[in-house]
Every structure is written in C-alpha cells, then in structure tokens.
Amino acid sequence: MPAQEVDVLVIGAGPTGLGAAKRLNQLKSASWALVDANEEAGGLASTDETSEGFLFDVGGHVIFSHYAYFDDVLKQALPKPEDWYEHQRVSYVRSRDVWVPYPYQNNISVIPTDDQVKCIEGMVDAAELRARATAAPKTFDEWIMRMMGQGLADIFMRPYNFKVWAVPTTLMQCKWLGERVAAPNLKTVISNTLTKKVAGNWGPNATFKFPARDGTGGIWKAVAKTLPQDKLHFKQRVTKVDADGHMVHLSDGSEIRYKHLITTMGLDYLVKNLDGIDHATKDLLVKTAKDKLVYSSTHVIGIGIRGELPNRIGDKCWLYFPEDDCPFYRATIFSNYSPYNCPASDKALPTLQYADPSLGQPSNSEPQKGPYWSLMMEVSESHLKPVNHETLLADTIRGCVNTQLLMPDSEIVSTYHRTFTPGYPTPSLERDEALQEILPVLLERFQILSRGRFGSWKYEVGNQDHSFMLGVEAVDRALFGAPEMTLDSPDFVNGRRNTERRLAE
Ligand SMILES: Cc1cc2nc3c(=O)[nH]c(=O)nc-3n(C[C@H](O)[C@H](O)[C@H](O)COP(=O)(O)OP(=O)(O)OC[C@H]3O[C@@H](n4cnc5c(N)ncnc54)[C@H](O)[C@@H]3O)c2cc1C
C-alpha cells in the first residue's frame, strides 16, 4: 500500500498537537494529518475516572491564558457559561503546622518569631548582595539567595523546590524565572510582620476557570471534536522518523510522508528514533539529549472521601507542602473545582478504609450514600529523589493526616495512583545549550519542528496555553517562515496579553 502523503504531519494530540491542527484547519492552505499513540486527545492534560466515579487530572491543572487565540479556541469548544466554573485562587503553604497564605515570602507575619527573624535578616543580606552584584546569578540557588536570602531559602524555597523538581536548586538554572518573580519588598514585609498583616491576593493568577464536566481532559476532547475527524488518527504510535526521506513509520506498519513534521513526542525519544541521518550527527543528538536534558516523573494520588467538606478545608484550591511530614509538594481540593469531579451524593459506596488504618477496618462494609469530596496530591521522582511506589499511596494518606487535610477517622471511598514519566521538564543548567544544539539541526536540515512540553523542553512555556500556541506558531513557521515568539521569547509572551492571532472561521 503506498504511503499517505501530507504537507504537514502532526505527531501528538495533546495541547501542542491540537494547536497545530487548529491552525492548519483554520488556514486551509496545506494538507495535514495528526497521529497519536493514545485512544483520545489530551496528552498530559487528560483526566481519569476511578471506578467509584471520582475524576482526577494529571495533577493540578488550571488555565491561565496569555493568548487571545487560545481563549477563542476554548470558547468555541466549550461555549456555554455553564461549561465553566470561575474560581478565586485560595492558596496556602503548610509551614510549621500553620497555613501561610501564598506567596509565602509576602506573608511571614504568620510564622513563628524566630523564623521571622531569620527571614528578615536574610532579606537584608540579599538586598546587600543585589546591590553589590556585578553579574546575573547562574543557578536557581544563587537567584534565591540574591532575591530572598538565607532564611527564606532554608525554611521554604530550597525544601519546597526540591520536592517539586526532584533536583536541588544548585543544579537548576534561573533564566526560566524571567522577570516574573520579584524580590519581596523588605519594607512591606517588615511592616506587615510588625502589624501582623497578611498580604492580599497576588500575581496574575488570582482567578482561574475550570471546566464543569470531565475535568481538564474534557477541554481537549471538546477541542478535538471541532476538527475534521478523518484527519485525526488515534492508537497510532510513531516508531521511526526517516528524517531524510520525510516519512514516519507507525506501529501498525503503515507510513506517512510529509513535507513538514511537527512532533510533540519527547525530544529524547525523537532523536533516538531518527533514521536517514548520518551516524555522527545522530550520535551527537542522542548524546546531547541524554546528557543535558533532565526530567522528573510525577505521581498523582487521588483520594475520594465521604462526608461534608470540612470547614478547615473551606474554599481552599491548592496548597503547597515544603516540609517532610508528607511526600507531596502540592495538594488540590479537586472537588472544589467542580461538583462533577465527585459522584453525586445519592451514589452509595462502601468505605475502603479510615485515613488512619490503626483505627481498624470500618465495621460497616455496606455501601452508604455521600456527600463526597476529593483531594489530589502530586509527588515528584528522579534518580536523586527516589520514591517507594509500593508504599506511596499509604504514605500519602498518612501525610494527609499529618497535615490535617484528613482526620484519622475520615472515610476513604476511592483511591487513585498513576505515574507519569516524564512529568516535569527540568530547567537544568545545560538545557538551553542542548536545545540550541538539537532544535536548529532538526529544523534546518530536516524540516522537523519538535515542539511542546517535552518536544521543546521549556518549562516556562510548558503550560496548556503555551503548549497550544507552540503548535500554532510551529505551523506559521513551517508554512510562512514566521517567528515563533513562544519558543524563542518566553519572557516577552509571558509579560503581556498576546492578541496577534485570532480564531476567525
Ligand atoms: C503535574 C502537571 C501539572 C500541570 N499543571 C498545569 C497547570 O496548572 N496549567 C497548565 O496550563 N498546564 C499544566 N500542565 C502542563 C500541561 O499538561 C501541558 O502543557 C500539556 O499537556 C503539554 O502538551 P503537549 O501537547 O506539549 O504534550 P503532551 O500533553 O505530553 O502530549 C503529547 C502527545 O503526544 C503523544 N505521543 C507521544 N509519543 C508518541 C509517539 N511515539 N507516537 C504517537 N504519539 C505520541 C502522546 O500520546 C500525547 O498525547 C501540567 C503538567 C503536569 C504534568
């Protein structure tokens, strides 16, 4: 059978691949097709459902859009007001057994006095460091010391960031932070501390919206439905890319020829599976990716609980955990995002266990009705931060009790644990060098645009809105040679509302 032939082939139906597909479908000037190994669209922005009816995303996913085009696409896919819930961000850091409002550094007025002293002394030293600095900081750790100082570094920034990234801050670069995170204002911190004031809601993410139905994955399934279905090919894994021959090989033995390839597969996987390229170049690309691109895995642990939402939880959205009384760095009160993230309260479910197993098995094993609420936790893993997969669920539940998310007698009716590898693209010290060595070769010699969370490996433009626009801009680059602002100028796109493109169909 002759190979199918298209102008643009897109690999992946996550946000990046769907961005490329939406743009191609809008322009209608090139033939195209999309393939994905999964059964449906969404990639890492998908949602699972437990057998008891609790939904869990791949960790805390919320939409903060920098782009009018992205908003247009979401509005077209989920157009009704009742398709969405709008929320105020209510976010805290669990520190020394109290909830410190986010961001931590602006709210040290609520932490113990000896910690306040350490933080303020550190901020004074940091201000001095900044005044004397002659060059930009090289590592994330140097950045922390210069912007926040020793006290905040030791109490919050270092332990928290190790839990998130599974890599010490000394092995991370700081360019990814851009201009976004300002040093805390020393005068405000001191006066707030003395007057015991708490700083107000902060930053660009003070409100966010969440889909009413089907979790985050529902967004991307709805976006996929707006595309011509005959161009989307699921359950098709790409096994080889013949770079010189401009052809991909699929797991069912078929082949697709292309003029331009937009791939959202992991960049490391792509270079390993390139054919039609001289050995020396391939070896170099593979070695660069292996040595210089770093990732961590993400475990998502979900818990469904019977009972009214406790007052101590209230309207909290997501919570950060820098300390070692729990394995997770973040917990999301997922039932607060949409009531449909839990089963209806008239659904009867048996209690699987109490949160503290030392209370013994529940005496009543009969299914009982709700109401229900749910928690979703994230735990990172790398070779520098191993995780015991066997005990992680039990360790997480114990961590929930330690941090008062759950009480010992909370009735657990559903559990979920899934590991995503890779989960986070680490801004490692040599990342930018590696991308500079690999991406231009792929584009200039082979017309391959590797884009997306792990296609172009840039955390700072790795959220759903960014990923989607990486796909859109890759199409404009392939077809018209247009610059890719999201890939090449993350600070620029993150610092403004981008309105250059609109979806007008
Ligand atoms: C823990 C966590 C929390 C996050 N929180 C947020 C958040 O709060 N807000 C936000 O906006 N974003 C968040 N994100 C980021 C969001 O998930 C990503 O932006 C998005 O999923 C990246 O899209 P992508 O298309 O680049 O990659 P992916 O979603 O990884 O999609 C890649 C697709 O390619 C397919 N594929 C891979 N290899 C092959 C192959 N060989 N053959 C065929 N198909 C293949 C996969 O099946 C997949 O569908 C979070 C991500 C994680 C992991």
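The following exchange goes through the labels given to residues and to the ligand site in this predicted model.

User: What makes Cys 326 count as being in no disulfide?

Analyst: A search of the whole structure finds zero disulfides. For Cys 326, the nearest cysteine sulfur belongs to Cys 400 and is 7.7 Å away. A disulfide needs two cysteine sulfur atoms within 2.5 Å, so Cys 326 is in none.

User: How do you know that Cys 342 is in no disulfide?

Analyst: The nearest cysteine sulfur to Cys 342 is again that of Cys 400, at 14 Å. The cut-off is 2.5 Å, therefore Cys 342 is in no disulfide.

User: Are Cys 326 and Cys 342 buried or exposed, and why?

Analyst: Cys 326 has a relative accessible area of 5%, and Cys 342 has 9%. Buried means under 20%, so Cys 326 is buried and Cys 342 is buried.

User: Why is the ligand said to lie between two domains?

Analyst: Domain 1 (4-46 + 67-79 + 215-293 + 428-494) and domain 3 (296-426) both give residues to the shell around the ligand, so the ligand lies between them.

User: Which residues and elements make up that shell?

Analyst: The ligand is surrounded by 34 residues, and the closest are Thr 16, Asp 36, Leu 44, His 61 and Gly 462. By class, the shell holds 12 nonpolar, 17 polar and five charged residues.

User: What makes the approaches of Pro 15, Ala 37 and Gln 464 to the ligand polar contacts?

Analyst: A polar contact requires a pair of N or O atoms within 3.5 Å. A polar backbone atom of Pro 15 is 3.3 Å from an oxygen atom of the ligand. For Ala 37, a polar backbone atom is 3.1 Å from a nitrogen atom of the ligand. A backbone N or O atom of Gln 464 is 2.8 Å from a ligand oxygen atom. The distances for Pro 15, Ala 37 and Gln 464 therefore meet the cut-off.

User: How much of the ligand does the protein bury, and which elements give two or more residues to the shell?

Analyst: The ligand taken alone exposes 1,000 Å², and the protein buries 92% of that. Two or more shell residues come from each of helix H1 (15-27), strand E19 (411-426) and helix H12 (464-480).

User: Why is Asp 141 called buried, and what does its side chain contact?

Analyst: Asp 141 is in helix H4 (residues 140-147). Its relative accessibility is 11%, and buried means under 20%, so Asp 141 counts as buried. The side chain of Asp 141 makes a polar contact with the side chain of Thr 169 at 2.5 Å, within the 3.5 Å cut-off.

User: Why is Glu 323 called buried, and what does its side chain reach?

Analyst: Glu 323 lies in the loop between strand E15 (318-320) and strand E16 (330-332). With a relative accessible area of 18% against a limit of 20%, Glu 323 is buried. The side chain of Glu 323 reaches the backbone nitrogen of Arg 96 at 2.9 Å.

User: What makes Ala 199 partly exposed?

Analyst: Ala 199 has a relative accessibility of 23%. Partly exposed covers values between 20% and 50%, so Ala 199 falls in that class. Ala 199 sits in the loop between helix H6 (186-194) and strand E8 (207-211). Ala 199 and Tyr 102 are 97 residues apart in sequence, with their C-alpha atoms 8.8 Å apart in space.

User: Which peptide bonds into Pro 103 and Pro 371 are described, and where do these prolines lie?

Analyst: The bond from Tyr 102 to Pro 103 is cis, with omega near 0°. Pro 103 is in the loop between strand E7 (98-101) and helix H3 (113-132). The bond from Gly 370 to Pro 371 is also cis, with omega near 10°. Pro 371 lies in the loop between strand E17 (353-354) and strand E18 (372-381).

User: What is noted about phi at Asp 97 and Trp 457, and why is one called exposed and the other buried?

Analyst: Asp 97 is not a glycine, yet has a positive phi of about 65°. Trp 457, also not a glycine, has a positive phi of about 60°. Asp 97 is in the loop between strand E6 (91-95) and E7; Trp 457 is in the loop between strand E20 (448-450) and H12. Exposed means over 50% and buried under 20%. Asp 97 has 53% relative accessibility, so Asp 97 counts as exposed, whereas Trp 457 has 1% and is buried.

Terms used. Residues are numbered from 1 along each chain as its sequence is written. This is a predicted model: local features need pLDDT of at least 70, side-chain atom pairs count only at pLDDT 80 or more; totals for chains, interfaces and linings use all residues. Side-chain values use heavy atoms; hydrogens and water are left out. Buried means under 20% relative accessible area, exposed over 50%, partly exposed in between (1.4 Å probe, protein chains only). A residue is near a molecule or strand if one of its heavy atoms lies within 4 Å of it. A polar contact is a pair of N or O atoms within 3.5 Å; within protein, one must be able to donate a hydrogen and the other to accept it, and residues adjacent in sequence count only if both atoms are side-chain atoms. Accessible areas come from the Shrake-Rupley method with a 1.4 Å probe; for residues, only the protein chains shown count as cover. Helices (H or I, at least four residues) and strands (E, at least two) are DSSP runs, numbered from the N terminus. Ala, Val, Leu, Ile, Met, Phe, Trp, Tyr, Cys and Pro count as nonpolar, Asp, Glu, Lys and Arg as charged, and the others, Gly among them, as polar. Domain bounds come from an automatic or database domain assignment.
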